[in-house]
Amino acid sequence: MIYHSGIFYPSDKEELEKLATQTEKRDRAKAFILPHMDLRRCADLYRAVFSSIPDGTRVVAVLPLHRPPLLSDKDAFLFSSRARTEHFITGDVRIGHIELPYADAYEKEEYSLELLYPFMTSFCPSSELIPVFSYAQSGKDVRKLMEVIESLDEENTIFIVSSNMTDKRPDPVPERDRMIEILLSGESILDEYRKGHITACAAPVIEAVSRVIPGKWELVGTVGDDKAAGHAALLRR
C-alpha cells in the first residue's frame with residue numbers, strides 16, 4: 001500500500017522520474033545512511049547513494065520508528081514488511097519479508113520506506129527490497145539487531161539506514177556537523193545517544209550496522225538549506 005504520495009514526494013510520475021533519474025555509476029559500497037525528508041530537497045543524495053548499488057543487489061533498509069511500538073506489539077521492537085510486489089507510481093518494487101512481526105501499522109506511520117521506491121525502480125529494478133522497522137534503544141536491542149544484520153549480510157546484500165542527523169531544532173547545523181564528525185571518526189555513538197548528546201533518530205541502528213560491517217563511514221553530502229533538522233548521506237565501503 002502507498003500511504004505518503006504527494007506529501008513527502010511528488011505524486012506526479014514525470015516529476016518523480018526526474019528526481020530519480022539515473023546518474024553515472026559509482027564504486028560499490030556496502031552500507032549507507034540516507035535522510036528521511038521531502039525528496040524534492042534531498043534527491044541528489046539519494047541519486048548519489050543508489051549510483052553505488054548495482055542492479056540485482058538485495059537491499060535491506062533499516063528504518064527507525066519514531067514512536068514506541070503499539071501495545072499489541074509490546075514485546076517486539078523489530079518488524080518486517082509483508083512479501084509482495086508494490087505497484088508504485090514509477091514501477092514495481094519487489095518487497096521481501098524476514099521472520100519478524102509484520103510491519104503493517106508502521107508503514108502507515110513512517111514514510112521513509114516509500115522514499116526508496118522511485119530509486120529502486122530507476123536504479124535497481126531487478127533488486128529485492130527488505131524493509132526492517134526498528135525501535136532499538138538499549139544495548140541489548142542493538143545486539144539483537146546486530147544478529148539480524150549478520151544473518152542477512154551476504155555478498156550480494158547492502159544495507160541502507162534511514163536517519164536524520166538531528167531531531168527538530170532551531171539551528172541544526174552545528175549538531176549535524178558534530179554527528180557527521182563522530183561518524184567519520186569511527187567512535188561509538190550509542191552512549192552519546194542515550195545521554196541525549198546526539199539526537200540522530202536511528203543512532204542505535206547506525207551503531208549496529210557499524211559494528212557488523214567493517215570499514216569507515218564516508219560523507220556523501222549534506223542538505224544545504226537545513227533549518228529545522230540536520231540531514232546528510234554517508235556510505236561505508
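A cavity here is a set of grid points where a 1.4 Å probe fits but cannot get out, and a residue counts as lining when it has an atom within 4 Å of a point. Keep that in mind for the views below, which come from a predicted model.

**View 1. The largest cavity, with its lining.** Start with the enclosed space: searching the whole structure turns up 2 cavities of 30 Å³ or more. The largest cavity holds about 40 Å³ of space. Around it you'll find Pro-64 and Leu-65, then the run Ser-134, Tyr-135, Ala-136 and Gln-137, and finally Tyr-193, Cys-201, Pro-204 and Val-205. Sorted by class, that lining comes out as 8 nonpolar and 2 polar residues, with no charged ones.

**View 2. The second largest cavity, with its lining.** This one contains about 30 Å³ of space. Its walls come from Met-1, Tyr-3, Arg-84, Glu-107, Glu-110, Leu-113, Glu-114 and Tyr-117. Which helix gives the most to this lining? Helix H4, residues 112-123, does, with 3 residues. The class split is 4 nonpolar and 4 charged, with no polar residues.

**View 3. The largest pocket and the residues at its centre.** Now for the open spaces. The largest pocket has about 420 Å³ of space. Its lining takes in 21 residues, and the ones closest to the pocket centre are His-36, His-66, Tyr-111, Asn-164 and Lys-168. How does the lining of the largest pocket divide by class? Count 9 charged, 7 polar and 5 nonpolar residues.

**View 4. The second largest pocket and the helices beside it.** Here the volume is about 170 Å³. Zoom in on the centre and you meet Gly-186, Glu-187, Ser-210, Trp-217 and Arg-236, the closest of the 14 lining residues. Two helices, H6 (173-185) and H8 (203-212), each put at least two residues into the lining of this pocket. H8 has the largest share, at 4 residues. As for class, the lining of the second largest pocket has 5 charged, 5 polar and 4 nonpolar residues.

**View 5. Two linings side by side.** Put the largest cavity next to the largest pocket and check the charged residues. The lining of the largest cavity has no charged residues, whereas the lining of the largest pocket has 9. Lys-168 is one of the residues closest to the centre of that pocket.

Key. Residues numbered from 1 in each chain as written. Predicted model: local features only at pLDDT ≥ 70, side-chain atom pairs only at ≥ 80, totals over all residues. Heavy atoms only, no water. 1 Å grid on protein atoms, 1.4 Å probe; cavity = no way out; pocket = protein on both sides within 12 Å on 5 of 7 lines; lining within 4 Å. Points joined across faces, edges and corners; volume = space filled by probe spheres on them. Nonpolar A, V, L, I, M, F, W, Y, C, P; charged D, E, K, R; others polar.
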